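Good morning, everyone, and thank you for making time for this short talk. Please take a moment to look at the sequence and the structure before I go through the cysteines, the charged pairs and the pocket.

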Amino acid sequence: ACPAACIVRVPEGEADAGTPLIVPQARACVLCADLACTTSCEPGALRPLRLPEQVAIGLAELDRGACLAYNHTFCNTCVTICPTEPKAIVLDQRLRPSVEASLCTGCGLCEERCPTSPPAVRVLEQDRLTRGRPQP
């Protein structure tokens, strides 16, 4: 159902084998208008959503040591590609990016398009964000 063909299954041998996964460096989520994946996925794996800003795949995190903008080279790729409105990644007064966590969907477009190798911006998956924290 994914028009961007970004959803793959977790490989066999992993604890969550067969569940949906997005690997941004290979192909990021484009936050398509109808969010077809959320309505066509097996019940319970993805919850149906109506708006792209409801997507919660993960959270972008910047590695300032690897980021060009933090190392005296102008780069605004992550800001330009960020699809949220308002932007989840913004430039500060010194033209360096920062992530507005409350606006980040974790789509991975910033990671996919980052010009550094490895990318200076990475999406932490939801399970990694909550691992070790008490669950409600």
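Let me begin with a cut-off, because a disulfide here is a pair of cysteine sulfur atoms within 2.5 Å. Please also keep in mind that what you see is a predicted model.

With that cut-off in hand, which cysteine has the sulfur closest to that of Cys-107? The closest one belongs to Cys-110, but its sulfur lies 6.0 Å from that of Cys-107, and so the two are too far apart for a bond. Cys-107 itself is buried, with a relative accessible area of 7%. The structure as a whole holds zero disulfides, and Cys-2 fits that count, since the nearest cysteine sulfur, that of Cys-6, is 3.6 Å away. Cys-2 counts as partly exposed, at 25% relative accessibility.

Let me turn to the charged residues. Side chains of opposite charge can pair when their charged atoms come close. How many salt bridges does the structure hold? It holds four, and I will take you through several of them.

In one of them, the side chain of Glu-111 meets that of Arg-122, at 3.0 Å from N to O. This pair links distant parts of the chain, with Glu-111 in helix H3, residues 109-113, and Arg-122 in strand S6, 11 residues apart. The two partners also sit in unlike surroundings, for Glu-111 is buried, with a relative accessible area of 4%, whereas Arg-122 is partly exposed at 39% relative accessibility.

Another salt bridge joins the side chains of Arg-113 and Glu-112, at 3.5 Å from N to O, and here Arg-113 counts as partly exposed, at 42% relative accessibility. These two residues, together with Arg-27, are linked in a network of salt bridges. There is also a salt bridge between the side chains of Arg-96 and Asp-92, at 3.3 Å from N to O, where Asp-92 is partly exposed at 28% relative accessibility.

Finally, the largest pocket, which has about 1,100 Å³ of space. It is lined by 38 residues, and those closest to its centre are Pro-20, Leu-21, Ile-22, Leu-46 and Ile-57. Two or more lining residues come from each of strand S2, helix H1, strand S6 and helix H4, and the largest share, four residues, is given by S6. By type, the lining divides into 25 nonpolar, five polar and eight charged residues.

Technical notes:
Residues are numbered from 1 along each chain as its sequence is written. This is a predicted model: local features need pLDDT of at least 70, side-chain atom pairs count only at pLDDT 80 or more; totals for chains, interfaces and linings use all residues. Side-chain values use heavy atoms; hydrogens and water are left out. On a 1 Å grid over the protein atoms alone, a cavity is a set of points where a 1.4 Å probe fits but cannot get out, and a pocket is an open set with protein on both sides within 12 Å along at least five of seven lines; lining residues have an atom within 4 Å of a point. Grid points are joined across faces, edges and corners, and a volume is the space filled by probe spheres set on the points. Ala, Val, Leu, Ile, Met, Phe, Trp, Tyr, Cys and Pro count as nonpolar, Asp, Glu, Lys and Arg as charged, and the others, Gly among them, as polar. Buried means under 20% relative accessible area, exposed over 50%, partly exposed in between (1.4 Å probe, protein chains only).
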